[in-house]
Amino acid sequence: SSMHETERLAERLLENRISTIVFSKSRVQLEVMVHRLQELAARKLGNPRLVRGYRGGYLPTERRGIEQGLRKGDILGVVSTNALELGIDIGSLQACVICGYPGTIASTWQESGRAGRRKDASLTILVASSSPMSQFIITHPEYFFQRSPEYGLIHPENLYILLDHLKCAAYELPFKDGETFGSVEVKELLDFLEESRVLHHVGTTYHWSAEDFPAVGISLRSASNENFTIVDITKPEPRLLGIMDRFAAPMLLHEQAIYMHEGRQFQVEKLDFDDRKAYVREVDVDYYTDANLDVNLRVLDVFEENGDKTKVSWGEVLITSLVSIFKKMKMDTGENVGFGPVNLPEMDMHTTAYWAAADDSALAGLGQEEIQTGMMGVANLLGIVAPAYLMCDVKDIAVVYQVKSPFTDKPTVFIYDAYPGGIGFSEKLYHLHGDLLREARTLLDGCHCLNGCPSCVGPDSDKDLARRVLSALE
C-alpha cells in the first residue's frame, strides 16, 4: 500500500539522520504511521520520541512542544495531516514524504515547502495512492508542474461563520441601527444575538454584553465550534488528552473504538453526547478501528435552478448521518479481523448542495437495478473530478445519489459541502455543471479498464450504464 511505501521511505531517511516530515491523508493513517515509525526509532535509533505526530485535536501545549522540538533538532521526524501545511516555520527539515496526492496543486507545494526552509537543498517524494487523482498526477506530471494553483473559494455569508464574525465586530465597535456588515443586512442576526444575551440593544445601538472574549469560541479549522473533549481515565486522576470536532466524533470516538494519540492506543470506554466528552483508557492491542457512516439527504430549499429535461439546482439540504458499525483492522497488514455495532443517535447538519435530476426518457429501457449501478458509477466519477475544480480536499465535499429522489421524483445525483452552512463549493459546481460532466466523460472514456475499476466508475459499477446516466444528466 502507499502507506507502507511511505513508511519504508521515511525509515530510510530517518536511519540516515535526515530530518523528515511525512504528510498523511487522515488522522487514523497518521497515528498508524507514528506507531510504526516510533517502533523503528526505538529499535534503530534508541529513542521512540525522535518521531512525533502532529494534527488537529492535540492540545495547544502539546503542539507548541513538538514545534519547539523540531526547531531545536530534538525531534528527527514528524508525521502530520495538513495541520502543518501552512504558516509555521518548524525548523531545518531536509525531506518531505507525501502519502497520496493532497488533492490540490497548492497543497502539494505548501507541504513540499515545509522542507528546505534554511536555503539548503531539500527532497520531496510524492507516493501515489491508488486513488484516481494520485494515479493521474503520477502519469501526467506536466499537469502538476505546468498548471497554476487552484482558485480559493470562501463563503463569508455562511451563517455559522457570519454570526461569529458579527460577535467579534460588535466586541470591537458597537453596531448602530441600519448598519450593514459588508453588503449583508444584519438586523435579524443582531436581534438574535440580543435574544441570546450576547448583545444589548440600547437606544439605536447594539453593545457587546457577554463576559467571554468572542474569538475564543471560533475554530480556524471548522465552521462549527462544537468540540468533544477526550479524557484519559487510565490513571486515578483523569486528564485531558485532546479534542475532536462534533462531526468526526461519532466515527472515531464511539464506544469500543481505538483512539490513537501520538502512536499510543486508547479504547473508548464511554461517549457522553450530552456533555460532549469521550472517556478513554490506554490499551495495547494490534488493531485499530474504522467505522461505517450511513448518510441520508433531504432538500429544504432551492436557491437557483435551470434546465428543462435535465433539471440542475442549487440549494439548502439537511444531511442526516448515522454510524452503525465498526471494523477492527490489523495494525501491520490492514486486514479486517472483526466488527461490532455502534449505538449512537443520528446527527443532523444543514449545508448547501448542487444536484442534477436525470432526463427519464434518456434512461428508457433500464431497470431500477441498472439505473442504480449506473448512478453509482457517475457518483464515483464526480467525486474524482469535482475536487479538481475547487481548492479543496476530497473530504470537503460528498457525493450521494438517489435512484428516485423524493424531491425531484427522478434519478438524482447530489454534491454537498461537508461543512455546516456550506462554504461555496456546491454553488461553484452548480455553475460548472456542463464542464463537470464533460470532465467525467473524459475520465470514463480515457480509462483503459474493460468495464469499470476504482479509477473510474468504481469496482461495482458498469461503464456502459454510467455512460447512459451521464447522458441523461447533460
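## The second largest cavity

About 40 Å³ of space lies in the second largest cavity. This is a predicted model. The lining consists of Leu14, Thr20, Val22, Leu37, Val51, Gly77, Val78 and Val79. Six of these residues are nonpolar and two are polar. No charged residue takes part in this lining.

Strand E3 gives the most here, with three residues. E1 and E3 each supply at least two residues of the lining.

## Helix H1 and its buried side

Leu14, named above in the lining of the second largest cavity, is also one of the buried residues of H1. The others in that buried set are Ser2, Met3, Thr6, Glu7, Leu9, Ala10 and Leu13. They cover an arc of only 165° around the axis, which puts them on the same side of H1. An α-helix has 3.6 residues a turn, so residues three or four places apart point the same way.

H1 itself runs over residues 2–15, with 14 residues. From first C-alpha to last, H1 reaches 20 Å, close to the 20 Å expected at 1.5 Å a residue. Its buried residues pack against the helix H2 (27–45) and five strands: E1 (20–23), E2 (51–54), E3 (77–80), E4 (95–99) and E5 (123–127). Just after H1, Arg17 takes a positive phi of about 60°.

## The largest cavity

How many cavities of 30 Å³ or more does a search of the whole structure find? There are two. The largest has a volume of about 120 Å³.

Its lining includes Arg27, Val28, Glu31 and Arg55. Met244, Met251, Leu252, Ala257, Ile258, Tyr259, Met260 and Thr289 also line this cavity. H2, helix H9 (249–252) and strand E13 (258–261) each supply at least two lining residues. By class, eight residues of this lining are nonpolar, one is polar and three are charged.

## Val413 in strand E21

Val413 is found in strand E21, which spans residues 412–417. Is Val413 buried or exposed? Val413 counts as buried, because its relative accessibility is 5%.

Val400 lies 13 residues from Val413 along the chain, yet their C-alpha atoms are separated by 6.0 Å. Val400 is also one of the contacts of Val413, leaving aside neighbours within four places in sequence. On the same terms, Val413 is in contact with Tyr354, Trp355, Ala356, Met375, Leu382, Val399, Tyr401 and Leu473.

Methods: Residues are numbered from 1 along each chain as its sequence is written. This is a predicted model: local features need pLDDT of at least 70, side-chain atom pairs count only at pLDDT 80 or more; totals for chains, interfaces and linings use all residues. Side-chain values use heavy atoms; hydrogens and water are left out. Helices (H or I, at least four residues) and strands (E, at least two) are DSSP runs, numbered from the N terminus. The expected span of a helix is 1.5 Å times one less than its number of residues. Buried means under 20% relative accessible area, exposed over 50%, partly exposed in between (1.4 Å probe, protein chains only). The arc is that of the directions from the helix axis to the C-beta atoms. Contact means heavy atoms within 4.5 Å. On a 1 Å grid over the protein atoms alone, a cavity is a set of points where a 1.4 Å probe fits but cannot get out, and a pocket is an open set with protein on both sides within 12 Å along at least five of seven lines; lining residues have an atom within 4 Å of a point. Grid points are joined across faces, edges and corners, and a volume is the space filled by probe spheres set on the points. Ala, Val, Leu, Ile, Met, Phe, Trp, Tyr, Cys and Pro count as nonpolar, Asp, Glu, Lys and Arg as charged, and the others, Gly among them, as polar.
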